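Student: Please take a close look at the membrane-annotated part of this structure. Then work outward from there and tell me what sits around the rest of the model.

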Amino acid sequence: MGRGLREPDHSKELRTRHTGPTSSQRDRGAALYLAISGAFPAAVARRGGARRHPFTSLAPPTGAPLTRLAIKKRASGSDAGHPRPSRTGRGAWRPRSKAAERGARAGASSAAMEKARPLWDNPLQFVFACISYAVGLGNVWRFPYLCQMYGGGSFLVPYLIMLIVEGMPLLYLELAVGQRMRQGSIGAWRTISPYLSGVGVASVVVSFFLSMYYNVINAWGFWYLFHSFQDPLPWSVCPLNGNRTGYDEECEAASSTQYFWYRKTLNISPSIQENGVVQWEPALCLILAWLLVYLCILRGTESTGKVVYFTASLPYCVLFIYLIRGLTLHGATNGLAYMFTPKMEQLANPKAWINAATQIFFSLGLGFGSLIAFASYNEPSNNCQKHAIIVSLINSSTSIFASIVTFSIYGFKATFNYETCLNKVILLLTNSFDLEDGFVTASNLEQVKGYLASAYPSKYSEVFLQMKNCSLESELSTAVQGTGLAFIVYSEAIKNMEVSQLWSVLYFFMLLMLGMGSMLGNTAAILTPLTDSKVISSRLPKEAISGLLCLVSCAIGMVFTMESGNYWFDIFNDYAATLSLLLIVLVETLAVCYLYGLRRFESDLKAMTGRTLNWYWKIMWAGVSPLLIISLFVFYLSDYILSEALQYQAWDASQGQLVTKNYPPHALAVIGLLVASSIMCIPLVALGMFIMRRLRRADTASVA
Amino acid sequence: MEGAENAFKVRLSIRTALGDKAYAWDTNEEYLFKAMVAFSMRKVANREKTEISHVLLCNVTQRVSFWFVVTDPSEKHTLPAVEVQEAIRMNRNRINNAFFLNDQTLEFLKIPSTLIPPTDPPVPIWIIIFGVIFCIVIVAIILLILSGIRQRRRKDKGPSEVDDTEDKCENTITIENGIPCDPLDTKGGHVNDAFMTEDERLTPL
């Protein structure tokens, strides 16, 4: 190569934009450098390529982690032949000859980490992974509901404020921690403070609960997807009763879509006490869902990185197609007008603000450890501030975009139901009074009613009792969220469209992509700490660890395919993650700001990425966000304590609707266990560490 | 006749069914209706001699709805409702088609129509699709696992070979993936090309 010789400028190898360091800063810099760059000694050795910074892309083309370097070192200043023990952080940094320096560093790093840490192929994969994880089913089925309940267009005001005040800072914090510590959640928090590894453990526990029940939604998505290839769609017609003179009673009482969901898909039992047996059809779909997840996480970031290209982008294609379809549906404008007319008085309702904060919090998936895991596979110089802003903005705009689609579909469905109701009334009047067929239309209905009331008062009063009051407003105001929205309301709207099979396939395919993307993040949150830990990863290969995780989760997930499975699903959905996450993120923020030190973290970030931390982030991390989380936490806790009994919705087959029941004691015990098992990790692990240290100190004291 | 024991009320919704192509209900259509009822009765055992004149219609309204009854001329009474019901049910399809209507638009009150059950294919379709996707996923998993095992075996062999060659070298060599980086090293420091200015690039070796 023979380019102009340069003084060995080690600061350049650390950071191209690093201004000349003082010796103490150099020590810290070197310590940081060793700590974070231990993973890729080859990057240190390789000359700078076309990129602007020395840490060029490291993902080797074949996908195998970098081979361990076999380095022969010179005699001076280095051990002959075998790797130096880990020197992360300790030991002075002194300038040595280039080769020995390189060798020593490489030796240290190769001792510190057996294999190079796998990385994303390019920053785009990281962004896509975060988007694919954050944009999930909640954007589609929870945000439109909140929008509808809390004032339509005016809900956007608290939502956007909370995004800027709470969402972006916390997201940036998690990404920065992951990128800085370059380990999964347990390792990252242990690095910050050994007493805090409980936070990481709590994250893993919550992620484990989430992955157990979340994949059941994918199983249901598969079930509907496979059933979409029939003509007519199975949820559009009721099955016949025994002697074929009418339809099945449950289906008559409810609607065909509800019947298909509650009877054919779930085969739901009347209450949570009656467990029933495992239904083989949803069980098969669950196994398939877990196999697909296993396929995607099998090879770690290499395979995940490719999959997220699809899981992040395909839902947008489908949403766009649906937007066009939705806006051209008859009656869509009714729904959109209803949604977007702002009801300003809702701004004064504290529940609107609380729900906005909650939605931002959970929609971004903070506290599970997935974001830390994803960011740990980043290069240290990655600009995670930019990525945090991008991801949170995309997440929120997807919510708004999805709610436009949802509301045009709502409008269509409400208008369709309203017109059907009107037609029934017209038919009733026509038949009762033997009027000419087609005489009564929607437009002259009121006049005709008036005329009939005056002309045949007695008969009219009889008929009046049977007439239903049709109202478009009441149809629009039925707000649904969750699985009810996704699998009942949407499928009802789809069955009334033309070429309904195509729309159905597209829609459930999109749901699957969204669900799979979130599952990848969840499993990454669990697997990254496991593969980081030497104990486990030295015994088992990565494929076996992921396989075991999928197997265990699938086996436990079979509970949700039983007849009472949907009730247990609701328990997990409502209680497994809510309180625990708030506490976890609170402890995280306080730990980084006050335990680790905001200044120290700031200088770490500056050393890592070369950018100074904006004052805005500092204020948010240190003050505003923790206060917000504390207030949310207090609110939810008081809500749980003040409500007398926890209740759930059970399906009554005879009436064909949901009824409210109280949870039995064993269900309450499970709820308590769920919440406690993740929260208790934090103090228990801290206590355990404390005791261990005491014992060790006692040992060394007794030895000395 | 309205409400008589063996009389049935019929209700037609022609405009709902046909829209613009709706035909007007007149006496000729009534004649056709009587003919269809007579035809249905003739298919019943013992009633092969039913004539169109035996079918009586009355109370035709604007709706269009009317009552009809089938009489037996020899015995001067109306045929029992059960027989008429049976006959109409058997031939419901023919009657509907004669008027371009269906079960919902040509209603015989008190005569329930037999509903067509949805066709059930021998193997449910969803299982077929499920099987296809299941097999694809399993094959993909096996392929990935096998290729991972093969790579690991190759990698394990790699460093041991490199170790031997390394012992012979005096210079420090960095190896990456089995390829020596030696030719890439400069004599002196590592230089990041991105920071080269144009002049230096043109400096001869």
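Tutor: Take residues 123–146 of chain B. Over that stretch the chain is 92% helix and 0% strand. Its end C-alpha atoms are 34 Å apart. The label itself comes from a record: an unreviewed UniProt entry annotates residues 123–146 of chain B as "transmembrane region". Keep in mind that the model is predicted.

Now go to Arg152(B). Its side chain meets that of Glu543(A) in a salt bridge, 2.8 Å from N to O. Arg152(B) lies in helix H5 of chain B, residues 125–168, and Glu543(A) lies in helix H25 of chain A, residues 542–557, so this pair joins two chains. The two partners differ in cover. Glu543(A) is buried, because its relative accessibility is 9%, under the 20% cut-off. Arg152(B) has a relative accessible area of 29%, so it counts as partly exposed.

How many salt bridges does a search of the whole structure find over all chains? The search finds 9. Two further ones, both within chain A, deserve a look.

One pairs Asp121(A) with Lys306(A), with the closest N and O atoms 3.6 Å apart. This pair links distant parts of the chain, with the two positions 185 residues apart in sequence. Asp121(A) sits in the loop between helix H4 (98–112) and helix H5 (123–134) of chain A. Lys306(A) sits in helix H14 of chain A, residues 301–327. Asp121(A) is partly exposed, because its relative accessibility is 30%. Lys306(A) is at 40%, so it too counts as partly exposed.

The other pairs Glu446(A) with Lys449(A), and here the closest N and O atoms are 3.7 Å apart. This pair is local. Both residues lie in helix H19 of chain A, residues 445–455. They are 3 residues apart, about one turn of the helix. Their cover is split. Glu446(A) has a relative accessible area of 56%, so it is exposed. Lys449(A) is at 18%, so it counts as buried.

Next, the surface of chain A. Helix H30 spans residues 681–703 and holds Arg697(A). Arg697(A) is part of a positive surface patch, together with Arg693(A), Arg694(A) and Arg696(A). Is Arg697(A) buried or exposed? It counts as exposed, because its relative accessibility is 53%, over the 50% cut-off.

Phe690(A) also has its place in helix H30 of chain A. This residue belongs to a nonpolar surface patch with Leu687(A), Ile691(A) and Leu695(A). Together the four have about 380 Å² of accessible area. Phe690(A) itself has a relative accessible area of 39%, so it is partly exposed.

One long-range contact in chain A is worth checking. Lys386(A) and Tyr172(A) are 214 residues apart in sequence. In space they are 8.8 Å apart, C-alpha to C-alpha. Lys386(A) lies in helix H18 of chain A, residues 384–433. At 45% relative accessibility, Lys386(A) counts as partly exposed.

Now the backbone. Where are the cis peptide bonds to inspect? One runs from Asp231(A) to Pro232(A), with omega near -5 degrees. Pro232(A) has its place in the loop between helix H10 (197–227) and helix H11 (249–253) of chain A. Another joins Arg63(B) and Val64(B), where omega is about 15 degrees. This one does not involve proline: the residues it joins are Arg63(B) and Val64(B). Val64(B) is in the loop between strand S2 (55–58) and strand S3 (65–72) of chain B.

Asn59(B) has its place in that loop between S2 and S3 of chain B as well. Its phi is positive, about 55 degrees, although Asn59(B) is not a glycine. At 39% relative accessibility, Asn59(B) counts as partly exposed.

Chain A offers a positive phi too. Val499(A) has phi near 50 degrees, and this residue is not glycine. Val499(A) lies in the loop between helix H22 (483–495) and helix H23 (500–532) of chain A. Its relative accessibility is 55%, so Val499(A) counts as exposed.

Definitions and conventions: Residues are numbered from 1 along each chain as its sequence is written. Chains are lettered from A and ligands numbered from 1 in the order in which they are written. This is a predicted model: local features need pLDDT of at least 70, side-chain atom pairs count only at pLDDT 80 or more; totals for chains, interfaces and linings use all residues. Side-chain values use heavy atoms; hydrogens and water are left out. UniProt positions are given in the numbering used here, feature names are shortened, and annotations may be inferred rather than shown by experiment. Helices (H or I, at least four residues) and strands (E, at least two) are DSSP runs, numbered from the N terminus. Patches are made of residues with over 30% relative accessible area and no salt bridge: like charges are joined within 9 Å, nonpolar side chains (Val, Leu, Ile, Met, Phe, Trp, Tyr) within 5 Å. Accessible areas come from the Shrake-Rupley method with a 1.4 Å probe; for residues, only the protein chains shown count as cover. Lys and Arg count as positive and Asp and Glu as negative; His and the chain ends are not counted. The place of a charge is taken as NZ of Lys, CZ of Arg, CG of Asp or CD of Glu. Buried means under 20% relative accessible area, exposed over 50%, partly exposed in between (1.4 Å probe, protein chains only).
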